[in-house]
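Work through the exercises below with the sequence and the model side by side. Try each task before reading its solution.

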Amino acid sequence: AAAQAIAAFGREQGEAFEVWIEIDTDGHRSGVGADDTPLLLAIGRTLHDGGMRLGGVLTHAGSSYELDTPEALQALAERERAGCVQAAEALRAAGLPCPVVSVGSTPTALAASRLDGVTEVRAGVYVFFDLVMRNIGVCTAEDVALSVLATVIGHQADKGWAIVDAGWMAMSRDRGTARQKQDFGYGQVCDLQGRVMPGFVLTGANQEHGILARADGTAEADIATRFPLGTRLRILPNHACATGAQFPAYQALAADGSVQTWERLHGW
């Protein structure tokens, strides 16, 4: 139905759109099943015969986010590769163009042992890494390159809380680690130099305020001494993509301490 709608709209507008066909290689979310050749070819012919340009096939093994062993990740990476290549070969065998074969999730891109037949690896979050990737096992917390600079602005001493000026408007609402073996709340707390402070996370977040506390629920005996007012901290994100999307630019910190502003596409 989508292919028919695209072709019809293209004809109405006098445009030949380049269209890629999504292949579902892991039963994850959307796309054409890698083994459903009749449907794949019907979609391809609908687009091609309808005057559209078939750009290729793509897939995203999003279920890799549920894994945390090298063996499981490598197996899924091969399943992702093989399924997308199989779809491309089926299109070509039917006389349909398929110049690009694009795969990619960060865990499978890093775990893949072979990429035969693939022309593009389309992983994204590997540029920064994040805490979800740390839990999956493809990086360490020290590898995470994106952080939110926050300042301690208050305390709730009886609860063992420090309040920082970074809530969900800074970190995002993404709680991806809540479904993993280690939950980092709304982010891992680090000192200003980016060194992880074990046990301390953002346990809660309001729009502008983050609650810094011990992840195990125990109250820090003297939170105001441990984190005095004005203390600057770096908070590592659960999901770098979601956190990055909260800001119009990145402040890139070089090894010599200099900072450059990197503009980015912002908003939806």
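**Exercise 1.** Which strands and which helix each supply at least two residues of the lining of the largest pocket?

*Solution.* The model is predicted, so local features need pLDDT of at least 70 and side-chain atom pairs count only at pLDDT 80 or more, while totals for chains, interfaces and linings use all residues. Residues are numbered from 1 along each chain as its sequence is written, and side-chain values use heavy atoms, with hydrogens and water left out.

Step 1. On a 1 Å grid over the protein atoms alone, a pocket is an open set of points with protein on both sides within 12 Å along at least five of seven lines, and a lining residue has an atom within 4 Å of a point.

Step 2. Helices (H or I, at least four residues) and strands (E, at least two) are DSSP runs, numbered from the N terminus.

Step 3. The strands are S6 (148-156), S11 (232-236), S12 (249-253) and S13 (259-263), and the helix is H8 (240-244). S12 gives the largest share, 5 residues.

Step 4. The lining has 24 residues, and Ala145, Ser147, Arg234, Gln251 and Leu253 lie nearest the pocket's centre.

**Exercise 2.** Which element gives the largest share of the largest nonpolar core?

*Solution.* Step 1. A nonpolar core is a set of buried Ala, Val, Leu, Ile, Met, Phe, Trp, Tyr and Cys residues joined through side-chain atoms within 4.5 Å. Buried means under 20% relative accessible area, exposed over 50%, and partly exposed in between (1.4 Å probe, protein chains only).

Step 2. This core has 25 residues, and Ile21, Ile23, Leu40, Leu47, Val57 and Leu91 touch the most other members.

Step 3. Among the elements that give two or more residues are helix H1 (2-13), strand S1 (18-24) and helix H3 (70-93). The largest share, 6 residues, comes from H3.

Step 4. Leaving aside neighbours within four places in sequence, leucine 91 is in contact (heavy atoms within 4.5 Å) with residues including Ile21, Leu40, Val57 and Cys98.

**Exercise 3.** Why does cysteine 98 form no bond with the closest cysteine sulfur?

*Solution.* Step 1. A disulfide is a pair of cysteine sulfur atoms within 2.5 Å.

Step 2. The closest cysteine sulfur, in cysteine 84, is 7.5 Å from that of cysteine 98, which is too far for a bond. Cysteine 98 is buried, at a relative accessible area of 4%.

Step 3. A search of the whole structure finds 0 disulfides. Cysteine 241 is likewise in none, and the nearest cysteine sulfur, that of cysteine 139, is 13 Å away. Cysteine 241 is partly exposed, at 43% relative accessible area.

Terms used
1 Å grid on protein atoms, 1.4 Å probe; cavity = no way out; pocket = protein on both sides within 12 Å on 5 of 7 lines; lining within 4 Å.
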